[in-house]
Amino acid sequence: SMDWKTRLKEQLDPDCLLWDDASLAKYSMDYHHFSPVLARELKDKVAECIVSPRSAEELDLVLSILTEEKVPVTVRGNGTGNYGQAVPLTGGAVINLANMNKVLEIGDGYMRVEPGARLGKMDEAARECGQEVMMMPSTFHTASIGGFISGGFGGIGSITWGTIWDGFVEQITVKTIESPPQTFTLTGDEIRPYLHTYGVVGIISELRVKLAPRVEWMQWAVTFEAWQDAVRFAMELASDDSMMKRLVSVHEWPVSQYFKALKLPAERSAALLEIDEQDERKLLEAISRHGGQIDRRITADKYRKGIGVSDFTWNHTTLWARKADTSLTYLQTTHTWDHVFEEMAVIKSEFPEVMQHLEFNKQAGKLRIAGLPLLTFTSDERLNQLIRRYNEIGASVSNPHTWDLEDGGRSFVHRKLWELKQANDPYLLLNQLKLKEYKPDLTVS
Ligand code: FAD
């Protein structure tokens with residue numbers, strides 16, 4: 001029989017295929033290099049071909065050929081994930097969905113899109129219709145919606161609307177890894193195994209997500225002499241339901257020194273905010289009550305024009321820090337609301353290299369504090385010690401230094417995920433090695 005590469009060449013438009021070394025390297029990469037551990041472990045992983053279908057029909061054709069020839073398949077949105085999720089761990093083909101990027105429909109309270117649609121474009125289109133996307137990662141300029149719900153969890157908007165598990169995704173269309181692929185549409189709880197499971201159980205070829213009413217967002221950088229004051233201020237804003245917010249993000253000095261473009265004052269901790277312009281007066285009162293200093297106030301007409309404070313939040317904080325100092329890396333933790341100060345104090349005294357960065361969000365309607373602390377990487381042992389310590393004190397870690405789904409954070413019941421994978425991907429070709437085989441633990445009765 002013909003080999004799979006010949007079959008792809010014969011049946012697809014040459015524009016859909018990339019074979020040159022530079023492209024293979026580029027489309028086999030994501031942002032796992034934020035982790036020195038993953039950078040070391042994944043550095044030689046590269047695909048043999050990049051296939052970029054432009055429609056669901058082309059995607060079906062590609063999947064049929066690759067399944068018949070038993071070629072490992074890795075799905076890629078736009079490769080901004082941090083866990084090596086889009087890296088082809090076993091070679092084969094990368095299916096790049098960036099060209100399946102159409103907004104198909106905008107209705108009252110929802111939007112239907114292809115999986116490669118970029119969140120920034122979706123938000124722009126929604127805002128033109130008096131609505132907005134409920135949540136998006138700080139990578140919204142490039143990140144795709146399919147990649148966000150498969151590999152991310154929340155971001156800008158999560159302080160009000162929660163994370164991807166909170167009803168944001170109303171419907172998905174899934175394709176199996178078969179020849180021909182089956183296509184089915186899921187709603188409600190049936191969507192859950194596809195959320196943040198690194199694309200291991202099927203390829204999402206279309207989505208419907210909820211929209212919120214458009215808000216005119218003002219952006220602020222407010223600084224404080226004491227880190228604790230910045231955190232208390234953020235906690236108050238986060239819990240004040242009378243104020244409409246899209247972003248509440250705080251950074252312990254010296255983290256804000258990495259935000260060159262914001263030109264924030266030295267020796268002060270910073271809060272970066274997106275707040276409804278109608279709530280300006282309330283915000284000003286809170287700033288003065290907590291002894292904050294306004295260092296940037298960007299009016300709503302400048303939203304998404306020029307500098308935006310969200311470009312320095314979530315994992316963009318890590319990006320700017322690493323641009324200044326490549327020895328820096330990070331963790332992802334969840335602090336308990338009532339003990340956040342004690343938790344940070346323990347870490348500060350035992351691991352003085354840690355610089356704190358907190359992102360306020362909601363999950364299942366409850367306020368949560370996500371920590372994305374920065375630290376200088378010295379060794380795997382030291383990093384693992386820190387992870388253990390965070391877990392011990394109750395500020396649980398989603399480890400960003402592994403590509404294994406179960407170790408990397410909240411996903412879905414392992415056994416059920418494995419069963420679903422076997423049904424949708426019978427030859428186990430899709431996103432290999434990211435989901436460990438489920439083996440019942442016979443020692444537990
Ligand atoms: P990719 O990296 O291409 O893919 C992610 C995963 O999804 C892979 O496992 C891939 O196989 C799978 N996948 C992609 N498309 C599909 C599909 N259609 N069907 C099935 N599986 C699919 N994440 C957050 O949640 N919040 C943040 O605020 C945030 N900030 C970030 C900041 C920086 C600077 C960086 C580098 C990353 C950040 N991330 C954040 C992580 C990442 O950017 C987001 O999760 C992003 O949404 C991923 O989208 P992508 O299109 O780049 O996906």
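How many bridges join strand 2 (residues 49-51) to strand 4? The two strands run parallel and are joined by 3 bridges. This briefing concerns a predicted model, in which the protein chain is divided into domain 1 (4-96), domain 2 (103-213 + 414-424) and domain 3 (217-398). The points below take up strand 4 and its partners, the N-terminal helix, the open sheet, the contact between domains and the surroundings of the ligand.

**Strand 4 and its partners**

- Strand 4 (residues 93-96) is covered on both faces, with Ala-93 and Ile-95 buried on one side and Val-94 and Asn-96 buried on the other.
- In a regular strand the side chains alternate between the two faces of the sheet.
- Within the parallel pairing of strand 2 and strand 4, Ile-50 stands opposite Val-94.
- Strand 3 also runs parallel to strand 4, to which it is joined by 4 bridges, and here Val-75 has Ile-95 as its bridge partner.

**Helix 1**

- Lys-5 belongs to helix 1 (residues 4-11), and because 16 other C-beta atoms lie within 10 Å, this residue counts as partly exposed.
- Although Lys-5 and Cys-49 are 44 residues apart along the chain, their C-alpha atoms are separated by 7.9 Å.

**The open sheet of 8 strands**

- An open sheet of 8 strands, paired in the antiparallel sense, follows the order 14-11-13-12-17-18-16-20.
- Its edges are formed by strand 14 (293-298) and strand 20 (397-398), each of which has a single partner strand, so one side of each is left without a neighbour in the sheet.
- Strand 11 (residues 217-224) pairs with strand 13 (residues 269-276) in the antiparallel sense over 8 bridges, and in this pairing Phe-224 stands opposite Ser-269 of strand 13.

**Contact between domain 2 and domain 3**

- The C-alpha centres of domain 2 and domain 3 are 26 Å apart, and their contact draws 13 residues from domain 2 and 18 residues from domain 3.
- On the side of domain 2 that touches domain 3, the residues comprise 4 nonpolar, 8 polar and 1 charged.

**Surroundings of the ligand**

- There are 37 residues around the ligand, of which Gly-77, Gly-146, Gly-147, Gly-152 and Gly-199 come nearest.
- Two or more residues of this shell are given by each of strand 3 (73-76), helix 6 (145-151), strand 10 (203-213) and helix 10 (315-324), with the largest share, 5 residues, coming from helix 6.
- Sorted by class, the shell around the ligand consists of 14 nonpolar, 21 polar and 2 charged residues.

Technical notes
Residues numbered from 1 in each chain as written. Predicted model: local features only at pLDDT ≥ 70, side-chain atom pairs only at ≥ 80, totals over all residues. Domains from an automatic or database assignment. Contact = placed C-beta atoms within 7 Å. Nonpolar A, V, L, I, M, F, W, Y, C, P; charged D, E, K, R; others polar. Pairing = 2+ DSSP bridges. Near = placed C-beta within 6 Å. Buried ≥ 20, exposed ≤ 12 C-beta atoms within 10 Å, placed from the backbone.
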